[in-house]
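My notebook for today is open. I want to look at how the protein holds its ligand and how its parts meet.

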Amino acid sequence: MEAIILAGGFGTRLRPFTFTRAKSLLPILNEPMISHLIRTLPKKVDTVILAVNYRREQIEEYFNKHDFGKTIIVNEEPEPLGTGGAVKYADQYITGPFFTLNADIICSLNLAEMLRFHEKKKATATISLWPIENVSEFGVVDIKKDGNITKFVEKPKAEDAPSDLINAGAYLLEPQVLNYIEPGKLVSMEKQIFPQIINNTGRFFGYKFQGHWIDVGRISSYISVHALLLEKQKKTFATGEQCTIQGTLKSSCAGNMVRIGKNTTVESSILFDQVTVGDNVSLDHCVIGEHCEIGDGSVLRNVAIGDNEIIEKHTKLDNAVVWNQPIPQGYPNKQIGNVIGE
Ligand code: GDD
Ligand code: MG
């Protein structure tokens, strides 16, 4: 059985970190986001198709070095084809019902149970659902008691949202779904394909689950996913290898070879590999990219610092993004992906 992981797109809401890396390789507790997802795949899934474009070579390099006991196919679109176009572009590898997963979700969904539900309902498509208060950034469904979805609206205005149940970003699709997607075109699964499946087949189902769900789409949720996973592991902090920590870490994570000076506090923050933080520094809700240096006495709150930046001593920053290097060529200035037509 195959699983397609949608891991393309630029991750614009996670810049400056996505200026230098694929979103799916952003570390969560020192392991790429995409590895967390691959570990949730049922045994039955023996082939994983990574639908990628931006920074494909980094993803390929990672999977050349790490074995997950499954066949990994890196399928690069010639240009971003959207969430639907990317699935169609993988159709040569599909041999039966298949999973399609957004790469930026960390959640407790049990995919094997979702598969059983899909089979029992004889569904053409089953999507995972999660209740949320503010639905306007998500796909929202109208659903009957038996799980049959009668309406799917992507990113509706609050007043147009049919319910508080959102598309949680994991799908089980029958191969016939591929017939709805035009090849080689920019196609949004959510906006163009799901509504057609509802209308044409009436067999579009929603699968609700318990536990946790986080869309790691922006810096704030990137920080909160760390807090959640640390709490689940009953840890106050996590560190990689060869770190020298003299200060204090609270609800934070440091990568490999991180140095933290004396009398420094790091709270609700993530430090990538080889970050050096001086003495008497305070970091709160910060994400600090690889090889950064933070000078003594600095106080940073709600700050995202891209790779290889140097912060002078005694810097005070609040709500800032630090990036003093050129923006990679072709990097868009707004979100594309599944927001076609906006
Ligand atoms: N290969 C490929 N090509 N992947 C893409 C492309 C593309 O052109 N565009 C986006 N993706 C990938 C992203 O990397 C991400 O893993 C996934 O498809 C979804 O795209 P996002 O850009 O993250 O969409 P979103 O977060 O605004 O909304 C989606 O996720 C929500 C749940 O988090 C939608 O599926 C919503 O309906 C859903 O509620
Ligand atoms: Mg997303």
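How far does a backbone N or O atom of Gly 139 lie from an oxygen atom of ligand 1? I looked it up and got 3.1 Å, which fits the cut-off for a polar contact (a pair of N or O atoms within 3.5 Å; within protein, one must be able to donate a hydrogen and the other to accept it, and residues adjacent in sequence count only if both atoms are side-chain atoms).

Note to self: this is a predicted model, where local features need pLDDT of at least 70, side-chain atom pairs count only at pLDDT 80 or more, and totals for chains, interfaces and linings use all residues. Residues are numbered from 1 along each chain as written, chains are lettered from A and ligands numbered from 1 in written order, and side-chain values use heavy atoms, without hydrogens and water.

Back to the ligand. I found an oxygen atom of ligand 1 at 2.7 Å from a polar backbone atom of Asn 167. For Asp 104, a side-chain N or O atom is 2.9 Å from a ligand 1 oxygen. The protein buries 98% of the 740 Å² that ligand 1 exposes when taken alone (Shrake-Rupley method, 1.4 Å probe; for residues, only the protein chains shown count as cover).

Next, the domains. I have domain 1 at 2–215 and domain 2 at 236–322, with bounds from an automatic or database domain assignment. Their centres, taken over C-alpha atoms, are 33 Å apart. I see 8 residues of domain 1 in contact with 17 of domain 2 (heavy atoms within 4.5 Å).
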